[in-house]
Amino acid sequence: MTFKYCPDCGARLSSRQLGDEGAVPWCDGCGKPWFPVFPVAVICLVRNEAGEVLLLRQEYISKEYRNLVSGYVVPGERCEETARREVEEETGLRPVSVELKGTWWFEKKQMMMVGFFVDVLKAPLRLSTEVDDASWHTPEEAVGLVHPHSYSVSRILSEMYLESVNKEAE
């Protein structure tokens, strides 16, 4: 979201050149810039001790493709904490380890996605009401079941995991 009015005083913002940032929204009354803000979400490739990947079916997201566990970062929460919380909330599984894999700008929703590999021990699932179904898959199957476009972070993480599994097998 790009501010048009100052969140502090309500004055209409002008534009001002600010060092390396270039032109930024500026409040003349408060004397400060207001940089654009955007949502941040985590996306987690959940894997078990057998190397399987947990894929979710969430029809409100897609009727055609499977999804990885994901959710928004709440104010005051670290991304690693969000990853642990979302995995536990959506699947009932307790994370053993959380490994940051990268960040991606998701243009379609104007948001930052922070990707993780999350290790869990395979156990009975306790699915959230926002999850219609979930099942374990081989890394190869996972790549074929998530959204096929190159901008899909689910696909990027699934391909990264498959590549790492293939390297270990060599």
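Tutor: Let's begin with contact, which means heavy atoms within 4.5 Å of each other. The model is predicted, so local features need pLDDT of at least 70 and side-chain atom pairs count only at pLDDT 80 or more, while totals for chains, interfaces and linings use all residues. Residues are numbered from 1 along each chain as its sequence is written, and side-chain values use heavy atoms, with hydrogens and water left out.

Student: What does Arg-66 touch, leaving out residues up to four places away in sequence?

Tutor: Its partners by that cut-off include Leu-55, Asp-133, His-137 and His-147. Arg-66 itself is in the loop between strand 5 and strand 6, where helices (H or I, at least four residues) and strands (E, at least two) are DSSP runs numbered from the N terminus.

Student: How do you know what span helix 1 should have?

Tutor: The expected span is 1.5 Å times one less than the number of residues. For the 13 residues of helix 1 (79–91) that gives 18 Å, and the end C-alpha atoms are 18 Å apart, so the two agree.

Student: Which residues of helix 1 are called buried?

Tutor: Buried means under 20% relative accessible area, exposed over 50%, and partly exposed in between (1.4 Å probe, protein chains only). Thr-82, Ala-83, Glu-86, Val-87, Glu-90 and Thr-91 meet the buried cut-off. They cover an arc of only 130° around the axis, which puts them on the same side of helix 1; the arc is taken from the directions from the helix axis to the C-beta atoms. Among the elements covering them are strand 4 (40–47) and strand 8 (111–119).

Student: Why is Gln-110 called partly exposed rather than buried or exposed?

Tutor: Its relative accessible area is 39%, so Gln-110 falls in the middle class. Gln-110 lies in the loop between strand 7 and strand 8, and has a positive phi of about 50° although it is not a glycine.

Student: What makes helix 3 agree with its expected span?

Tutor: Its 17 residues should span 24 Å at 1.5 Å a residue, and the end C-alpha atoms are 24 Å apart, so helix 3 passes the check. Buried residues in helix 3 include Val-153, Ile-156 and Tyr-161. What covers the buried residues there includes helix 2 (139–145).

Student: Where does Gly-92 sit relative to helix 1, and what is its phi?

Tutor: Gly-92 follows helix 1, and its phi is positive, near 80°.
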